[in-house]
Amino acid sequence: MSVIEVKDLTKVFRIPKKDPGLGGAIKGLFRPQFENKTAVDGISFNLDAGEIVGYIGVNGAGKSTTIKMLTGVLMPTSGNISVLGRDPHRQRVDNARDIGVVFGQRSQLWWDLALIESLNLIARIYDVHPVKYRLMLNQFTETLELDELLKIPVRNMSLGQKMRSELAAALIHEPKIVYLDEPTIGLDLLVKERIRDFIKKECISKGMTVMLTTHDLGDIEELCQRVIIIDDGRIIYDGPIDTIKKRFGKYREITFDTVENVNGLVLPEGAERLEAPDYKVQIRFDRTLSTASKIASTVMNQVEVSDFSLSEPDLGDIVKQIYNGALDREPR
Amino acid sequence: MIRNAKRDLSVYAAFFAMIPKLFMAYQLWFWIGLVLSVISMAILVFFWRAVYADTASISGLALDKTLQYILLAFIFSPLAGNDLVWEFGSNLREGMMIHHLLRPINFQGMNYAQNLGRLVTELMLQIPVVIVAVVLFGLRFPTDIATWLGFIVSALLGLTVMFFFYWFLACLTFYTTEVWGLGVLIQGMSFFLSGTLVPIIMMPAWLQTIVLSVPFAQAVGVPVSLLTGIIPLSEAPRVWLTQILWIIGMWILSTLFFKVAVRKITVQGG
Amino acid sequence: MTRYLNLYWLFLIQRLKVLMEYRASFILGAASTIVWQGSSIAAVWVVMQKVPDLNGWNYDEVLLIYGLITLSKSINHMFADNLWTLGRMYIRSGGFERFLVRPIDPLFHLLADRFCQDGVGNFLVGAALVVKSTIALGIDWTPPKLAMLVVGVLSGGFIFIALNLITCVSAFWIVDSVPVTRLVFDNHLFAQYPLTIYPRAINILLTWLIPYGFASFYPASYLLDRQIGNIAWFGPFVAAILLFIGYRLWQTGLKYYSGTGS
């Protein structure tokens, strides 16, 4: 049963166009011109109850615009959204009751209030029954280790403490759908793990539907069964995470700083050369087919290398590849 | 030669074209600020006209003299204020302190120069207000050079008094976080005590004594009184001397307090 | 409705708790508004030592007008101060979106989120002035006059709030709405004194366009038995109309905001 149904959703922004120079400024005053920017271009997807979906894309791809429309904050230009059978924009208040939102950078807690006071206030805003509230509070205090935090105002909390508090605040009214926007941004690995554990335990056990937007592939790998990739307003992938992992998870990249430019390098199997600026050689290789040291020695036998570094492919690269049809090709 | 002329012309044209651009680049605040000043001046003018409705002279001042005083005091009111309390109380303080302790330049001197620059800019921004005052409310300026010189000297002395006074106050911010409220409180008092709202001469003797025993009047009320002739030019030297005494007094107080406050920071930490 | 009242109470309690923590700031804030008002009143006092009346209004009558508008202003200052901050603190930072994601009215949330303690200073000054002047003037408190006092102050307060609401809506379009609000708000300074000292144009402005006159001049005229006519009772209707306009504009602004994004 789909709890979120999105069909042909489109959002076009009218951005005022400013011509340079004096003439442009005057023109802008009297006959303002606009250009259309399509942030979301006819996307469609359905989420079933209890799914945990990763919604990823590079900055500016349309992620936050989509989330804003799903939460009822932004009005679509065209298309349909149905969240638990409601139009989130037209039935904003009713929809709000059933959703919880974490905006990674912006806290919903009151800056000067002790955490417990913030939670009390939020519970009242969402009309959480006092008995239920007590239950949830005890539960979260345990699972999120909030004991020491309850009496502290947000302004005195570290980033990790803030995020734990944020999650408690977002889920205290047991929403059916949870939108998590960059929940682990800026956190160190240990805290990230705790947050991920919590999300897994809380949301999965309660059958909450979770939509997670993030740049952190670790989040995706640990939490999501399904991934939707949006690029330039369009969905370029919507499917199980295993495919992504299989196709890209095995790759590593080495970047060499070379003394001279070289065309036509001979590379071992499983390695391919990517586009790179001058005096740099970038190689992507399949870990199952080759090793870093093999690549490195092969390259260094052919060209003088001054420095090199090893990294995982980033999200932008994966998106680019998918866009270029990497998923359509036979997996190597 | 024609080419040169053409090039000159295009440069002039570019400069000229900048004017409307500047016009439109000016923030909303500037124009609205002007309207707000007009509202304030209008209230002042109508208020005093009503006051003088049945009287020709109050404390020896006729209506037009009082209006001249009030409007000029309004225009020159920036002289009575500065940002020291904000600056000392803000996050900039640590950076400032490091400058003070490490650099050979006189910290107070540097701030004074900055303050002066800021004041000049603020007064320049009052020019549109002046134009409105002249056109709408019939403000007339004295034409006598000597009067202007007397005023300028007094204004410089007066703002120096305020500089040291605020420096003294700003040191309080080392001991408390209540910077904003403190600043607003002082501003509120300064409003009356600077002689901006009411000419000092009109106040009863006991109130005049109080007002003249705090420094605010030295920055606006006194110089503007000179400018309008309420204090005759012959008295100027006496006025300046009083202001210089104020400067000395405030300078001593501010330097002492500052030393103490800095010691607190370097010993205890900000 | 009761739900909203309970919620407001909760917001208020929380805010007061925080303010009590910063007790010095609380007192300083209230004190600074008292000092500001004190300056203006001191000026009036000095002047009225020298002349018996201002356009036919004696010292205490002028104080009554000043006190009434200060009381009205304080209502706005205490309960609707957050309207000023809509653009700078909520729209610019994206914090306003949080209001839209919660199941309560965003305007309510904005207003309830901040009770401003500085307004208490204005309230105290206004009340003191009204008490002092009415005692000195020996006003006979008949039921209509008592009603006028309450009605005048309350509708004045709502006129302040409505005008601020109308102007702060501009934040949805231009983000920094403060200059626009100041443009209208500062006109209340005219109404601190009897409207009769101003030319006709300003009277019309302050009665029919930016009707701060109903917060001070008209109620005072009634209380002082000056033949002002029925206009004295227009205040609540004026307030209601302005509030209606304000709320419709707010809804329009919200629609625009959710159409164009932040």
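How many bridges join strand 8 of chain A to strand 9 of chain A, and do the two run parallel or antiparallel? Keep that in mind while selecting; the model on screen is a predicted one.

**Stop 1: the domains of chain A.** Select residues 2-245 of chain A, which make up domain 1, and then residues 250-312, which make up domain 2. The C-alpha centres of these two domains of chain A are 39 Å apart.

**Stop 2: the sheet of 6 strands.** In chain A, show strands 5, 6, 7, 3, 8 and 9; in that order they form an open sheet with mixed pairing. Its edges are strand 5 (99-103) and strand 9 (234-240) of chain A, each of which pairs on one side only. From one strand to the next, the twist averages 15°.

Now select strand 8 (residues 226-231) of chain A together with strand 9 of chain A: 6 bridges join them, and they run antiparallel. For one of the paired positions, pick A:Arg226, whose bridge partner in strand 9 of chain A is A:Pro240.

**Stop 3: helices across this sheet.** Add helix 6 (residues 159-171) of chain A, which lies across strand 5 and strand 6 of chain A and runs at about 160° to strand 5 of chain A. Then add helix 2 (residues 63-70) of chain A. This helix lies across strand 3 (52-56), strand 6 (177-181), strand 7 (209-213) and strand 8 of chain A, at about 150° to strand 6 of chain A.

**Stop 4: the sheet of 3 strands.** Keep helix 2 of chain A in view, since the next sheet also involves it: helix 2 of chain A lies across strand 1, strand 2 and strand 4 of chain A, running at about 120° to strand 1 of chain A. These 3 strands form an open sheet in the order 2-1-4, with antiparallel pairing. Strand 2 (33-48) and strand 4 (78-83) of chain A are the edge strands. Here the twist averages 25° from one strand to the next.

Select strand 1 (residues 2-17) of chain A next to strand 2 of chain A; they pair over 13 bridges in the antiparallel sense. Within that pair, A:Lys17 has A:Gln33 of strand 2 of chain A as its bridge partner.

**Stop 5: where chain B touches chain C.** Leave chain A and select the contact, which takes 30 residues from chain B and 29 residues from chain C. On the chain B side, helix 2 (28-51) and helix 9 (179-193) of chain B each supply at least two residues. Helix 2 of chain B gives the largest share of that side, 11 residues. Coloured by residue class, the chain B side divides into 25 nonpolar, 4 polar and 1 charged.

How values were computed. Residues numbered from 1 in each chain as written. Chains lettered and ligands numbered in written order. Predicted model: local features only at pLDDT ≥ 70, side-chain atom pairs only at ≥ 80, totals over all residues. Contact = placed C-beta atoms within 7 Å. Helix = DSSP H or I, 4+ residues; strand = E, 2+ residues; numbered from the N terminus. Nonpolar A, V, L, I, M, F, W, Y, C, P; charged D, E, K, R; others polar. Domains from an automatic or database assignment. Pairing = 2+ DSSP bridges. Axes fitted to C-alpha atoms, helices over the stretch in contact; angles between N-to-C directions.
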